[in-house]
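Please open the model in your viewer and keep the sequence panel beside it. The stops below say what to select next and what is to be found there.

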Amino acid sequence: MRKIVAVCALPFVLGVPLFGLTACKDVGQSCRYEIEAEYYRDEGKLEGRMNVLIPNNTENALEEIPFSLYANCFREGAKTPPVSDLYEPAVFYNGASYGGMQIEEVTGGEAWSVGGEDENLLLVRLSEPLYPDESVSLSVRYTLTLPKANHRLGIGENCVNLSCFYPQVPAQNESGFYGYEPSSHGDPFVFGCSDFSVSLTVPEDWTAACGGTVNERAENGKKVYVCTATNVRDMAFVLGNFMLSSEERKGVRIDYFHFEDNAPEQTLKAAADAIETYSNLLIDYPYERYALAETDLAMGGMEYGGFAMISSALRSEERAAVVAHETAHQWWFSLVGSDQSGCAWQDEGLAEYSVALFFEQNASYGKNYRDTVATCERAYRNYFSVESQLSEETNTAMSRPLNAFSGDYEYRVLSYDKGVVLFDRLRETMGDGKFFSSLRNYAKSFSWKVASEYDLISCFRSQEALILSFTEGKCVI
């Protein structure tokens, strides 16, 4: 029987009880988040209270619990800014803008402190050791100041993006928690699957787009959204004035929130076609609902469990590929987790390769598998040609921490484009039957888990040498 060793002293009034102690499939207990928050439009701030039940799924006693504070990369003077110089003008549309998360109070532990090079970690020291299979309940009260930024977290030109809007518990492995190091590119997070109940209050003229199950009510001249989601790795919202287009495909409700898309029915169709394609090729989509929100993003899109953001700046010819990529992340990120911070190709390469599969199965979009792969291969070869002229020893290793990439270009080419070429070579070598059987095996075997590079390799039997020749930068393409 699992034991709760500390009980939060801060009661919540969400009207939704804290989740029961049901396991997240066969991978140990889930974190259980219960969040009550309100966004104040005039101040550009969110005030939140969070109660989180944290299990010890490791093999060791834990004496402290870390929380990642992503928002603090927006602090003035942060050593690692949230975006590179390349994206800065598009992200900070009115010039420099700052934000951050202020921790007001923590209860349920012995002491707490904010540390890390960029004040990016909240560390809570426990009153007593937390042993394997025990759980601890902690509460955090915080204030989030949003930057004016077209980014995953920020006040955009049309919408407000609330990603990483609460202190987040990193995923666990056998020995402890995954680390969190800020990065100017990529997704510097590793989260386990968790269950959420979020009550979010917003101005009455706004809609809150998110994944999961949503209930909405008017209260005191405002709107209150109560959102619940099970077995997701993150929770995010987009706030704005939206129109809604919906469709059901393969028993999944697909909602598209949009405000200036000139062809929303086409975007919605792309999402539905992607859900159907990947469900047929891999395993069934893992949730009952999929939501997509058009918003202000300097990059193409961002993925979350049962939810994705796509940029309003996309050209019409780009939109289907971006929707297919972000939808593929419902399998390669949400269902099957991986170390995005240290091995980004594992989910990004697979998601981008899934775009090629999407076009192979859906000829009406005017693109095909072979041309999609060839475009990625040309991008990699162009990168290698330039780099080899600049350096005698060009490092093309794919498995490396985000901060070991020289910038967005190298990160993109090695994690996305070279990843596509890798999976194409595997398919060519193994044949369709064994290749797709291995992909399905990977999806089934590591559902709801955080899969390592070698976990993926284990599903592609006899192909370890080929995969490592790519990931270690030893092959010639």
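**Stop one: a valine in a helix**

Select V322 first: leaving aside its neighbours within four places in sequence, V322 is in contact with G300, G301, I310 and L314, where contact means heavy atoms within 4.5 Å. This is a predicted model, in which local features need pLDDT of at least 70 and side-chain atom pairs count only at pLDDT 80 or more, while totals for chains, interfaces and linings use all residues. Residues are numbered from 1 along each chain as its sequence is written, and side-chain values use heavy atoms, with hydrogens and water left out.

V322 sits in helix α3 (residues 316-328); helices (H or I, at least four residues) and strands (E, at least two) are DSSP runs, numbered from the N terminus. V322 counts as buried because its relative accessibility is 15%; buried means under 20% relative accessible area, exposed over 50%, and partly exposed in between (1.4 Å probe, protein chains only). If you add L146 to the selection, its C-alpha atom is separated from that of V322 by 26 Å, with their positions 176 residues apart along the chain.

**Stop two: helix α10**

Move next to helix α10 (residues 464-471), in which I467, L468, S469, F470 and T471 are buried. Which helices do the buried residues of α10 pack against? Colour α5 (345-361), α7 (408-430) and α9 (453-459), since these are the elements against which the buried residues of α10 pack. Just after α10, select G473, which takes a positive phi of about 75°.

**Stop three: strands β11 and β14**

Select S194, which is found in strand β11 (residues 194-203) and counts as buried because its relative accessibility is 5%. Not counting residues up to four places away in sequence, S194 touches S30, C31, Y33, A229, T230, N231 and V232.

From that list, pick N231, which lies in strand β14 (residues 222-232) and is buried, with a relative accessible area of 10%. Its backbone deserves a look, as N231 has a positive phi of about 60° although it is not a glycine. Most residues other than glycine have a negative phi.

**Stop four: the loop between β6 and β7**

A second residue of this kind is E119, a residue other than glycine whose phi has a positive value near 50°. E119 is placed in the loop between β6 (111-115) and β7 (121-130), and is partly exposed, with a relative accessible area of 37%.

Stay in this loop and show the side chains of D118 and R75, which meet in a salt bridge (4.0 Å, N to O). The pair links distant parts of the chain, with D118 in the loop between β6 and β7, R75 in the loop between β4 (62-68) and α1 (88-91), and 43 residues separating them. A salt bridge here is a side-chain nitrogen of Lys or Arg within 4 Å of a carboxyl oxygen of Asp or Glu. Is each partner buried or partly exposed? D118, at 3% relative accessibility, counts as buried, whereas R75, at 23%, counts as partly exposed.

**Stop five: further salt bridges**

The structure holds 30 salt bridges, and another to display is that between the side chains of R152 and D187 (2.8 Å, N to O). R152 lies in the loop between β8 (134-145) and β9 (153-155) and D187 in the loop between β10 (160-163) and β11, so the pair ties together parts that are 35 residues apart in sequence. R152 counts as buried at 5% relative accessibility, and D187 counts as buried at 9%.

Then select E216 and K223, whose side chains meet in a salt bridge (3.8 Å, N to O); E216 counts as partly exposed at 49% relative accessibility, while K223 counts as buried at 17%. To finish this stop, select E247, R249, K269, D273 and E276 together, as salt bridges that share partners join these residues into one network.

**Last stop: a charged surface patch**

Switch to a surface view and select D42, E43, E47 and E104, which form a negative surface patch. Patches are made of residues with over 30% relative accessible area and no salt bridge, like charges being joined within 9 Å and nonpolar side chains (Val, Leu, Ile, Met, Phe, Trp, Tyr) within 5 Å. Accessible areas come from the Shrake-Rupley method with a 1.4 Å probe, and for residues only the protein chains shown count as cover. Asp and Glu count as negative and Lys and Arg as positive, with His and the chain ends not counted, and the place of a charge is taken as NZ of Lys, CZ of Arg, CG of Asp or CD of Glu. Within the patch, D42 lies in the loop between β2 (31-40) and β3 (45-55), and D42 counts as exposed because its relative accessibility is 77%.
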